[in-house]
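Hello,

Here is the structure I said I would pass on. My notes follow it.

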Amino acid sequence: MKVRNVISLAAANLGREDLVAKAEDCAAGPAGELATLLRCYNLVENEVALDYFPLKTEETFGAEQRGSEGELPYSAFSFAPVEILSVKGESGIPLSFESRPTALLLPKNATRVAVSYHYSPKEKEWGDDAEAALQVSARLLAAGVCCEYCLIGGQYGEAATWEKKFREALRAANVAHKKLTVRSRRWA
């Protein structure tokens, strides 16, 4: 799903048919209220990815990308790491690591390492694919965009309504992804 589709859905939810028409006609970068909706989308996607449905990836790095002390700078990663999950050596054996403020400290003798991590999504442009849409629905994202847009516009009552819908959709999506279990009863 494209970012512009989520924004168009949000504009329709807000009852702004003028913005829906502009969104469909907009081929290049948006301006005015559409640019505001794009900023709102980026805020919502970031919140969903960092707080509810983390985006995960794995990258392989060679010894040439690390410093003499075994430090792998975070700038070498394709995405901005939020949490390092695991580091494995060439043979798939887990390696010890230390997260530092600007780099990941790895054993000096490791030649190639595979780093698995959660990351923060990059800021999206008008025609980009929505990363969070892989895990949540466009309707959920659109509700969050509507909430942010109403807050920016000073429409606090409507913002509260959209916030409630957004939180309920997040809760429903989170329940659907987790296996529900009931603990066995114990009789004393």
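Note that this is a predicted model. I start just after helix 1, where Gly15 has a positive phi of about 75°.

Helix 1 itself has several buried residues: Val3, Val6, Ile7, Ser8, Ala10 and Ala11. Helix 2, helix 3 and helix 4 are among the elements that cover them.

The largest nonpolar core has 38 residues. Those touching the most other members are Ile7, Leu34, Leu37, Tyr41, Val48, Leu140 and Leu141. Two or more residues each come from helix 1 (3-13), helix 2 (17-25), helix 3 (33-52), helix 4 (138-152) and helix 5 (156-177). Helix 4 gives the largest share, ten residues.

Tyr41 is worth a look on screen. Leaving out residues up to four places away in sequence, Tyr41 touches Val3, Val6 and Ile7, and also Lys124, Ala130, Glu131, Leu141 and Val145. A second core, separate from the one above, has 15 residues, including Phe61, Val87, Ala110 and Tyr117.

The last item is Ala76, which lies in the loop between strand 2 (71-73) and strand 3 (80-88). Is Ala76 buried or exposed? Neither: its relative accessible area is 29%, so Ala76 counts as partly exposed, the class between under 20% and over 50%. Outside the residues up to four places away in sequence, Ala76 touches Glu59 and Phe61. Ala31 is 45 residues from Ala76 along the chain, and their C-alpha atoms are 33 Å apart.

Regards

Key
Residues are numbered from 1 along each chain as its sequence is written. This is a predicted model: local features need pLDDT of at least 70, side-chain atom pairs count only at pLDDT 80 or more; totals for chains, interfaces and linings use all residues. Side-chain values use heavy atoms; hydrogens and water are left out. A nonpolar core is a set of buried Ala, Val, Leu, Ile, Met, Phe, Trp, Tyr and Cys residues joined through side-chain atoms within 4.5 Å. Buried means under 20% relative accessible area, exposed over 50%, partly exposed in between (1.4 Å probe, protein chains only). Helices (H or I, at least four residues) and strands (E, at least two) are DSSP runs, numbered from the N terminus. Contact means heavy atoms within 4.5 Å.
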